[in-house]
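Student: Please give me a close look at a single part, the strand pairing, and state the criteria behind each term as you go.

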Amino acid sequence: MDLVIEARNLTKTYKMGEFDVQALRGVSFTIERGEVVSIMGPSGSGKSTMMNTLGCLDRPTSGEYILDGESVGEMNDDQLASVRNRKVGFVFQSFNLLSRLTALGNVELPLRYAGLTEGRRERAQAALEAVGLKDRMTHRPYELSGGQQQRVAVARSLVNNPAIIMADEPTGNLDSKVGKEIMNLLLNLNKDRGTTLIIVTHDPLIAEQTQRVIRLRDGELDPASELTRKG
């Protein structure tokens with residue numbers, strides 16, 4: 001079994017004044033390389049904290065998190081930023097594009113952060129072509145539709161060939177037709193490239209298209225979670 005994610009008894013506690021808030025309470029699961037998994041849960045369930053942990057935006061209070069063979073729990077901020085840039089691609093509901101940059105410039109950003117100079121533009125161009133935006137490379141975000149902006153975000157997420165792509169409500173700001181196109185794009189990238197895809201969503205129609213659903217409730221793994229891969 002080729003595991004890309006191992007979460008072992010993860011906890012996360014936040015200080016809120018005099019009180020401790022337990023956002024995660026001993027959550028354990030694994031994700032295989034190439035899987036498509038959704039994370040669901042009501043508000044306050046811990047799914048945002050889980051996304052931040054899996055995406056190396058934050059570290060757990062206790063437990064062990066292994067991403068693509070690297071234990072990230074004890075990393076310092078610089079190490080965490082490095083593994084995040086190398087191993088994780090992000091797609092957000094609000095696109096998170098820089099308005100002053102063209103589509104090509106936005107997609108180049110992860111490569112810039114990685115210190116890559118040779119072949120950077122060619123890789124960014126190839127990523128935009130892969131999401132169907134060959135003729136929109138020099139356009140800035142305000143010149144693109146919502147669906148096109150999200151395609152730029154998807155291209156940016158895959159340009160570093162990450163171990164996983166994390167999509168946080170990727171269709172939330174799009175109408176149903178465009179949302180379906182973006183979801184199909186993500187699933188096709190998984191099929192064609194074998195990229196592990198983790199989707200944080202509240203939409204059961206999105207979750208139905210994934211191979212497994214990890215459900216959280218009150219910071220714990222919900223018994224309704226699908227712990228075995230479909231098919």
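Tutor: Two strands are said to pair if DSSP finds at least two bridges between them, where strands (E, at least two residues) and helices (H or I, at least four residues) are DSSP runs numbered from the N terminus. What follows concerns a predicted model, in which local features need pLDDT of at least 70 and side-chain atom pairs count only at pLDDT 80 or more, while totals for chains, interfaces and linings use all residues. Residues are numbered from 1 along each chain as its sequence is written, and side-chain values use heavy atoms, with hydrogens and water left out.

The part to look at is an open sheet of 6 strands, whose pairing is mixed and whose order reads β6-β7-β8-β3-β9-β10. Because β6 and β10 stand at the edges with a single partner strand each, one side of each is left without a neighbour in the sheet.

Starting from the β6 edge, this strand, which spans residues 88-92, pairs in the parallel sense with β7 (residues 164-168) over 5 bridges, and within this pair Phe92 stands opposite Asp168 of β7. Two helices pack on the sheet here, and both of them touch β6 and β7, contact meaning heavy atoms within 4.5 Å. The direction of α2 (77-87) makes about 75 degrees with that of β6, whereas the direction of α5 (146-158) makes about 170 degrees with that of β6. For these angles, axes are lines fitted to C-alpha atoms, for helices over the stretch in contact, and the values run from 0 to 180 degrees between N-to-C directions.

Further along the order, β8 lies between β7 and β3. Strand β3, made of residues 36-40, pairs with β9, made of residues 212-217, again in the parallel sense, here over 4 bridges; one register point is Val37, whose bridge partner in β9 is Arg212.

At the other edge the sense changes, in that β9 and β10 (residues 220-221) pair antiparallel over 2 bridges, with Leu221 of β10 as the bridge partner of Leu216. These two strands form a hairpin that has 2 residues between the strands, and in this hairpin Asp218 takes a positive phi near 55 degrees. The parallel pairs β6-β7 and β3-β9, set beside the antiparallel pair β9-β10, therefore fit the description of the sheet as mixed, with β6 and β10 at its edges.
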